[in-house]
Number of protein chains: 2
Amino acid sequence: MAREMLRQGGRSARIQAEVHRTVQDLLKTMDRSEITVPMIAERAGVTPSTIYRRWGDLSELLADVAVARMRPIADPDDTGALASDMEAFVVQYAEEMSSRVGRAMLVDVVGSVQSGAAAQCCQYTYHHLETLRERAVARGETPFDVEEAIDRVMAPIVYHILFGDRELSPDYCRTLVRGFFAVSVYE
Amino acid sequence: MAREMLRQGGRSARIQAEVHRTVQDLLKTMDRSEITVPMIAERAGVTPSTIYRRWGDLSELLADVAVARMRPIADPDDTGALASDMEAFVVQYAEEMSSRVGRAMLVDVVGSVQSGAAAQCCQYTYHHLETLRERAVARGETPFDVEEAIDRVMAPIVYHILFGDRELSPDYCRTLVRGFFAVSVYE
DNA sequence: ACCTTAACGCAAATTTTTAGCGTTAGCGGG
DNA sequence: CCCGCTAACGCTAAAAATTTGCGTTAAGGT
């Protein structure tokens with residue numbers, strides 16, 4: 001997530017927004033491996049050195065853009081019950097992330113050792129699951145352990161996306177969720 | 001894994017071995033982000049163009065080296081019982097892969113879209129687990145589902161390594177293994 | 001309104017990557 | 001065992017990307 005900006009407004013913010021938008025546009029058209037910093041700079045109307053100084057290199061920039069895209073814009077859908085809430089959330093997550101660009105985003109985020117992009121990314125999913133949990137509690141349903149949900153449901157999905165060793169059908173996702181609720185094996 | 005070599009012996013093989021060895025040496029000394037192709041080429045005694053032509057770019061080369069390093073040299077230890085076999089295997093895997101270079105290897109492998117490095121990598125772990133399963137069957141123990149083991153045990157470990165959101169203590173690994181054997185939730 | 005300095009643009013210097021071309025040597029056939 | 005074919009390499013020049021120095025612009029505080 002780049003570094004914390006000391007100056008958050010004005011020109012600096014405009015450039016960040018423009019560069020982000022340009023990268024997202026390019027990702028629609030071409031493959032991640034074809035994108036270069038000078039290419040982004042030209043389309044965004046900035047000089048390459050600005051990008052290098054601010055983000056360090058291409059992979060950091062891509063990771064920054066990825067976490068920004070993954071930032072939740074809304075809470076998960078409320079379907080009325082915990083099981084269906086989580087099912088919907090997980091299926092949608094798998095669908096988005098198993099796409100060509102989705103996988104690339106995960107790889108970029110995970111590849112960003114610095115800048116805490118990886119940490120930020122899994123904070124987002126943690127937060128979503130926490131929302132589902134609180135919602136369940138408010139409904140009077142028996143809650144669940146968020147960390148266990150990550151291990152039992154999210155982790156397998158991410159694993160298969162990254163290693164590409166298995167198709168991620170909605171059915172498979174639902175099986176994971178049902179297995180999770182069927183029995184808790186922690187503690 | 002580069003591309004299939006049409007010529008597998010002689011000079012070509014020597015160069016591959018020398019480049020691999022050089023990369024591994026460099027990874028001990030410096031960070032992955034500081035390594036460059038010309039740097040590798042010089043130390044390995046080859047011209048950079050050779051590396052570019054053969055591996056394409058740095059990330060492909062690093063992924064190639066990573067899978068080569070991850071190639072199993074021996075079967076997992078035989079401790080006499082399935083549960084302890086898997087415990088030992090998983091704890092060792094977590095230890096190796098959560099290290100600085102181990103994590104970098106995973107990232108490189110996962111980042112290598114082409115070349116099937118990712119597929120090869122998870123084939124290795126699949127094979128190891130399959131070995132444990134066959135061994136268990138031979139002993140007359142109740143076998144287990146390898147894919148379920150990947151989902152329930154390996155996936156969480158890889159997830160936490162890549163996102164760095166949790167310490168991977170041996171205790172945590174053992175909890176995963178015990179939870180896996182305590183109950184099967186598939187099918 | 002003024003001051004400080006983070007962040008930028010520009011351009012030169014450096015490094016990395018690509019591409020052309022001649023040479024070396026692995027491997028199969030005679 | 002020797003020969004021919006060509007994959008793979010080395011070398012070099014050109015192209016592209018990255019780094020760096022320095023002057024300029026404009027946030028954000030006083």
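Which residue of chain A forms a salt bridge with Arg166(B), and how far apart are the closest N and O atoms? Glu147(A) is the partner, and the closest N and O atoms are 2.7 Å apart. The legends below put that pair in its setting. This is a predicted model, where local features need pLDDT of at least 70, side-chain atom pairs count only at pLDDT 80 or more, and totals for chains, interfaces and linings use all residues. Residues are numbered from 1 along each chain as its sequence is written, chains are lettered from A and ligands numbered from 1 in the order in which they are written, and side-chain values use heavy atoms, with hydrogens and water left out.

**View 1. Chain A has nine helices and zero strands.**
Helices here are DSSP runs of H or I with at least four residues, strands are E runs of at least two, and numbering goes from the N terminus. Read from that end, chain A goes α-α-α-α-α-α-α-α-α. Its C-alpha atoms fit a box of roughly 55 × 35 × 30 Å along the principal axes. Chain A splits into domain 1 (10-69) and domain 2 (72-182), with bounds that come from an automatic or database domain assignment. Going by C-alpha atoms, the centres of these two domains of chain A sit 27 Å apart.

**View 2. Domain 1 of chain A meets domain 2 of chain A.**
Nine residues of domain 1 touch 13 residues of domain 2 in chain A, a contact being heavy atoms within 4.5 Å. Together the two domains of chain A bury about 900 Å², with 61% of it on carbon and sulfur atoms. Buried area is the accessible area (1.4 Å probe) that two parts lose on being put together, summed over both. Four residue pairs, both members at pLDDT 80 or more, are in polar contact between these domains of chain A. A polar contact is a pair of N or O atoms within 3.5 Å; within protein, one must be able to donate a hydrogen and the other to accept it, and residues adjacent in sequence count only if both atoms are side-chain atoms. On the domain 1 side, helix α4 (residues 58-70) of chain A gives the largest share, six residues. That side divides into five nonpolar, no polar and four charged residues. For this split, Ala, Val, Leu, Ile, Met, Phe, Trp, Tyr, Cys and Pro are nonpolar, Asp, Glu, Lys and Arg are charged, and the others, Gly among them, are polar.

**View 3. Arg100(A) and Asp31(A) pair up in a salt bridge.**
The N-to-O distance is 2.2 Å, and the rule asks for a side-chain nitrogen of Lys or Arg within 4 Å of a carboxyl oxygen of Asp or Glu. Arg100(A) sits in helix α6 (residues 100-111) of chain A and Asp31(A) in the loop between α1 (10-29) and α2 (37-44) of chain A, so the pair ties together parts 69 residues apart in sequence. Two salt bridges cross the interface of the two domains of chain A.

**View 4. Chain B packs against chain A with 31 residues from each.**
Chains B and A bury about 2,600 Å² between them, 69% of it on carbon and sulfur atoms. Val110(B), Tyr159(B) and Phe163(B) supply 26% of the area that chain B buries against chain A, more than any other three residues. Across this interface the rule finds two salt bridges, as well as eight residue pairs in polar contact. The largest share of chain B's side, eleven residues, comes from α8(B). Chain B's side divides into 21 nonpolar, four polar and six charged residues.

**View 5. A turn of 179° lays chain B on chain A.**
The RMSD is 0.1 Å and the shift along the axis 0.0 Å, so the two copies are related as by a two-fold rotation axis. The superposition is a least-squares fit on the C-alpha atoms of residues with pLDDT of at least 70 in both copies. Ala155(B) comes closest to the axis among the residues of chain B, its C-alpha being at 2.7 Å. Both copies use the same surface, since 100% of the contact residues of chain B recur in chain A.
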